[in-house]
Amino acid sequence: MNIALLLEMAADAAGDRVGLVCDGKRWTYGELIGAARGAAELIADSKAEFVALLDESSEASVIAMFGAALAGVPYCPLNYRLADADLGALLGRIAPALVVGDGERVEKLAGGQGHTVYPRGEFTLAALEAVANPDAVYDAGEGIAIQLFTSGTTAAPKAAILQHSNLVSYILGTVEFGAADEAEAALVSVPPYHIAGIAAIASSIYAQRRIVMLPAFAPDGWLKLVDAEKVTGAFVVPTMLSRIIHAMDKGVHADISSLRSIAYGGGKMPLELIHRALDLFPETGFTNAYGLTETSSTVALLGPDEHRAAHRSDDPRVRARLASVGIPLPTIELEIRDEEGRVLGPNQPGEIYVRGDQVSGQYRERSALDAEGWFPTRDAGYLDEDGYLFLSGRADDVIVRGGENISPGEIEDVVLTHPAIADAAAVAVPSVEWGEAVGLALVVRGGFDHPAEDEIRDLIRSRLRSSRVPETVRFFAALPYNEMGKLLRREVKVMLAG
Amino acid sequence: MKPGSRIKSNACDTEVVIIKYTAGTIQCGGADMSEAGGGGADLSADFAGGSIMGKRYVDEAGTIELLCVKPGKGTLALDGAALVLKEAKPLPASD
């Protein structure tokens, strides 16, 4: 089934209803499907093998995504923040493409690759003006809908692919068609090249929840848009939430009483921040979503009631759930396995494996699925005795000290309890004696003195096994993150080596 | 009857997309469904419960799943046995 059917259904059921608000312009579902059908003509005429987006979110990204689907060409939004050399290499991997967005940059980096380029406004206009053949037969949706290059925080970007069937399974399994009332509006501020941005468009359209697009996230703009459009729900990454709260603390005025729900994911949420947010937004339902590009977004959820229960509980076991990513979706299977592939029981840490119709696990070059269709996420974690999933970092980030596996998270959590420490990253550093040992990069909180290195070591020794005590402790002004708030551990290693 | 294909009722306006199919004849309103639809069959009084836009329909054994993409007056059925609504547990919006 083609993902464009999600938009066709919304247009059939409520063609005159506003489905998208972007830069002050309102688009009905009828207008969006009309433009997507026009875009499909442009795409077919171009003979492009991919439809790429090199731009922020806008109506053009929605039209391009569904237009590509109708034309049966994979949609590949690119990270416009990449350095020229990296972006040029990715453009080379998808040539010839119809590229929507920054034409000058495509010309400069990939001028000879045979791309067809439409700047944003020209693409939207051309899609609206193209006359769709009323007898057009659109793609059946048996192939690839989306190709996303992974962020490459640990290695070179991989081309993850999602079949139409993966994304459709995810939407049908988690979203009730037309369930949103007319007042509901979802503020989308994640970049278009992130799986959360793709999933937000698909699920909001299928629920008939109006999408309010914020093309470039800024906390003031976010708060003002919530106020102006009476936004009822939003998805944020933890860094965004932190910056929103900071802006409110600084006195940015906005009426955000319409905001009934906030979902977050895409990176680790600091406990202190989520407690603060629960206090600051007492009427808002918070949902923590865990998912990957390769799984068509969410595979586990911690819902609003569980957030409130954990927030006010005195029971340490219930309270600890605020640090979990909740319960796996009923539509997927999830297991924790050890290095030999054996399934582990409750509270035993290992690698997270998932299986289900929404799970692609495919890359352009190879499939990562095992013979039984399970996808090894490379995320480390465990399930507690009640089935709550806890993450402990990327399996590739595990520090192997003399054969003992150490997850960076356990050390970072302890160090962050020190009042003078604002941020911490534990990574492997080379050790002649152990092969690898623990290196710790720290950021001191404003207004505090540097704690002595030994004070930090003593703190860790008092709470964890002696193998966790860092060999190297260094202080930095800040740690390196990408724009989605993901810690760049590769760079931390370089900083500690320098 | 491939997954992803769209079939239409010959007794009412209902259209469905096949999500899962194993075997048997898919019917609506008491008449067999087809790709062309619009066959002008009479709506059977025994199969006039209606179909609802955006709902998924399954049989008891789980051999078939249909997504209603256009509603109508007929009841969806497999080999004469009415299909039932697939109940989904509502989840909070996560993206």
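**Exercise 1. Describe the polar and charged links between chain B and chain A.**

Start with polar contacts: eight residue pairs cross the interface of chain B and chain A, both residues at pLDDT 80 or more. A polar contact is a pair of N or O atoms within 3.5 Å; within protein, one must be able to donate a hydrogen and the other to accept it, and residues adjacent in sequence count only if both atoms are side-chain atoms. The model is predicted: local features need pLDDT of at least 70, side-chain atom pairs count only at pLDDT 80 or more, and totals for chains, interfaces and linings use all residues. Residues are numbered from 1 along each chain as its sequence is written, and side-chain values use heavy atoms, without hydrogens and water.

Next, count salt bridges (a side-chain nitrogen of Lys or Arg within 4 Å of a carboxyl oxygen of Asp or Glu). Chain B and chain A share three. One of them joins B:Arg6 to A:Glu8, with the closest N and O atoms 3.7 Å apart.

**Exercise 2. Find how many residues each chain brings to the contact.**

Contact means heavy atoms within 4.5 Å. Chain B gives 19 residues and chain A gives 30.

**Exercise 3. Describe how domain 1 and domain 2 of chain A meet.**

First, set the bounds, which come from an automatic or database domain assignment. Domain 1 of chain A spans 4–306, and domain 2 spans 398–497. Their C-alpha centres lie 35 Å apart.

Then look at the contact: 16 residues of domain 1 of chain A touch nine of domain 2.

Finally, find the salt bridge. The count between these domains of chain A is one. A:Asp413 and A:Lys268 pair through their side chains at 2.9 Å, N to O.

Methods:
Chains are lettered from A and ligands numbered from 1 in the order in which they are written.
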